[in-house]
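Here is a friendly walk through one protein model, from its strands to its rings and its surface. Keep the structure open as you read.

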Amino acid sequence: MKKAGFMKDALILFVITLISGVLLGGVYEMTAAVIAQRQEAEKQKTYKEVYADASSFSTNEELTAKAASADLSAYEKVSVSEILDAKDASGNVIGHLVTSTSKAGYGGEVTISIGITSDGTITGIGFLTINETPGLGMKAKDDEFKNQFIGKNAPQLSLVKGGGAGDAEINAISGATVTSTAVTNAVNAALFLVSGN
C-alpha cells in the first residue's frame with residue numbers, strides 16, 4: 001500500500017516538474033529573441049556613439065580572422081572577438097570598429113568597442129559590458145576617463161598615474177588602476193590589429 005502511494009506521489013511530482021520545465025522552456029524561447037534584439041540595438045547604439053562619422057558597419061572577415069589567430073599575450077588577457085569596417089554614406093571604408101574584451105578587476109571582464117580611423121586616430125571607446133566596483137572601476141564609463149582616448153593617434157598608449165598625460169598617454173582612474181589598465185590594454189590590442197604593427 002505504502003509503495004503504491006509513494007509511486008503515485010512520485011508520478012504526480014514528475015508530471016508537475018515536466019510541465020513546469022516545458023513552460024519555462026517556452027517562456028525562454030519567446031523572450032530570447034526579444035533579448036537578442038535589445039542587445040543588438042544596444043551594440044548598434046554604442047557603435048554609433050564610438051564612431052559617429054560612420055553610416056554603417058560590416059564585419060571585416062580578414063581582420064576578424066587575424067584577431068582570432070593573433071598573439072595578443074603582450075596585452076595581458078585581452079581577446080578581440082570582432083573587427084568591423086566603418087563605412088561612410090557612400091559605402092567607403094573610413095576606419096574600423098573593434099570589439100575587445102579584457103580581464104579587469106572586481107567584475108571579471110570589460111568588453112569595449114573602439115573606433116579607429118584609417119589613419120589610426122581613435123574616434124572613441126564605448127562599453128558593451130562592465131561590472132566593476134561602484135565609485136571606482138565603474139568610473140571608466142565616465143566621460144572624464146573614456147574621452148581621453150578620443151583623438152589619440154599613436155601605435156600604443158601607456159597609462160600614467162597622477163595626471164599630466166601626454167599625447168600617447170592615458171591618466172589612470174585614481175583607485176582603479178586595474179580597470180584603467182584593462183581598458184588601455186584592450187585599446188592597445190585593437191590598435192595593434194588594425195594598424196598592422
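Helices and strands here are DSSP runs, numbered from the N terminus, with at least four residues for a helix and at least two for a strand. With those names in hand, Glu 76 can be placed in the loop between α2 and β2. Please keep in mind that this is a predicted model.

## The loop between α2 and β2

Let's stay with that loop for a moment. Glu 76 has a phi near 50°, a positive value in a residue other than glycine. Its relative accessibility is 51%, and exposed means over 50%, so Glu 76 counts as exposed. Lys 77 is found in the loop between α2 and β2 as well. The phi of Lys 77 is near 60°, again positive although the residue is not glycine. Lys 77 is exposed too, with a relative accessible area of 66%.

Is Tyr 75 buried or exposed? Tyr 75 is buried, at a relative accessible area of 9%. We will meet Tyr 75 again among the aromatic pairs.

## Strands and hairpins

Now turn to the strands. β2 and β3 pair in the antiparallel sense, over nine bridges. Lys 87 stands opposite Val 93 in β3. The two strands form a hairpin with five residues between them, and in the turn Gly 91 has a positive phi of about 90°. Strand β3 (residues 93-103) is mostly covered, with eight of its 11 residues buried.

On to the next pairing: β3 and β4 run antiparallel and are joined by nine bridges. Here Gly 95 has Thr 117 of β4 as its bridge partner. Strand β4 (residues 109-117) is in turn joined to strand β5 (residues 122-129) by six bridges, and these two also run antiparallel. Thr 111 is bridged to Thr 129 in β5. A hairpin with four residues between the strands links β4 and β5, and Gly 120 in its turn shows a positive phi of about 90°.

## The nonpolar core

In soluble globular proteins, nonpolar side chains tend to be buried together. In this model, the largest nonpolar core holds 34 residues. Which of them touch the most other members? They are Val 80, Ile 83, Ile 114, Phe 149, Leu 157, Val 183 and Val 187.

Several elements contribute to this core: α2, β2, β4, β5 and α4 each supply at least two residues. Helix α4 gives the most, with nine residues.

## Aromatic pairs

How many aromatic pairs does the structure hold? There are three. One of them joins Tyr 75 and Phe 192, with 5.9 Å from centre to centre and 45° between the planes, and the pair is tilted. Tyr 75 lies in the loop between α2 (61-69) and β2 (78-87), whereas Phe 192 is in helix α4 (residues 177-195), so the pair ties together parts that are 117 residues apart in sequence. Unlike buried Tyr 75, Phe 192 is partly exposed, with a relative accessible area of 22%.

Another pair brings together Phe 145 and Phe 149. Their ring centres are 5.5 Å apart and their planes stand at 80°; angles over 60 degrees count as edge-to-face, so this pair is edge-to-face. Both Phe 145 and Phe 149 are buried.

## Helix α1 and its surface patch

Next, look at the surface. Leu 11, Phe 14, Val 15, Leu 18, Ile 19, Val 22 and Leu 23 form a nonpolar patch there, and together they have about 700 Å² of accessible area. Leu 18, one of these residues, has its place in helix α1 (residues 2-50). Leu 18 is partly exposed, with a relative accessible area of 48%.

Tyr 47 also lies in helix α1. Tyr 47 is buried, with a relative accessible area of 2%. Its C-alpha atom is 7.4 Å from that of Leu 97, which is 50 residues away along the chain. The C-alpha atoms of Tyr 47 and Lys 152 are separated by 18 Å, with their positions 105 residues apart along the chain.

## A buried lysine

Let's finish with Lys 152. Where does Lys 152 lie? Lys 152 is in the loop between α3 (143-146) and β6 (158-160). Its relative accessibility is 13%, and buried means under 20%, so Lys 152 counts as buried.

Key:
Residues numbered from 1 in each chain as written. Predicted model: local features only at pLDDT ≥ 70, side-chain atom pairs only at ≥ 80, totals over all residues. Heavy atoms only, no water. Phe/Tyr/Trp six-rings, centres within 6.5 Å; stacked < 30°, edge-to-face > 60°. Buried < 20%, exposed > 50% of the residue type's maximum accessible area, 1.4 Å probe, protein only. Patch = residues over 30% accessible without salt bridge, like charges linked within 9 Å, V, L, I, M, F, W, Y side chains within 5 Å. Areas by Shrake-Rupley, 256 points an atom, 1.4 Å probe, with all protein chains shown as cover. Salt bridge = Lys/Arg side-chain N within 4 Å of Asp/Glu carboxyl O. Pairing = 2+ DSSP bridges. Core = buried A, V, L, I, M, F, W, Y, C linked by side-chain atoms within 4.5 Å.
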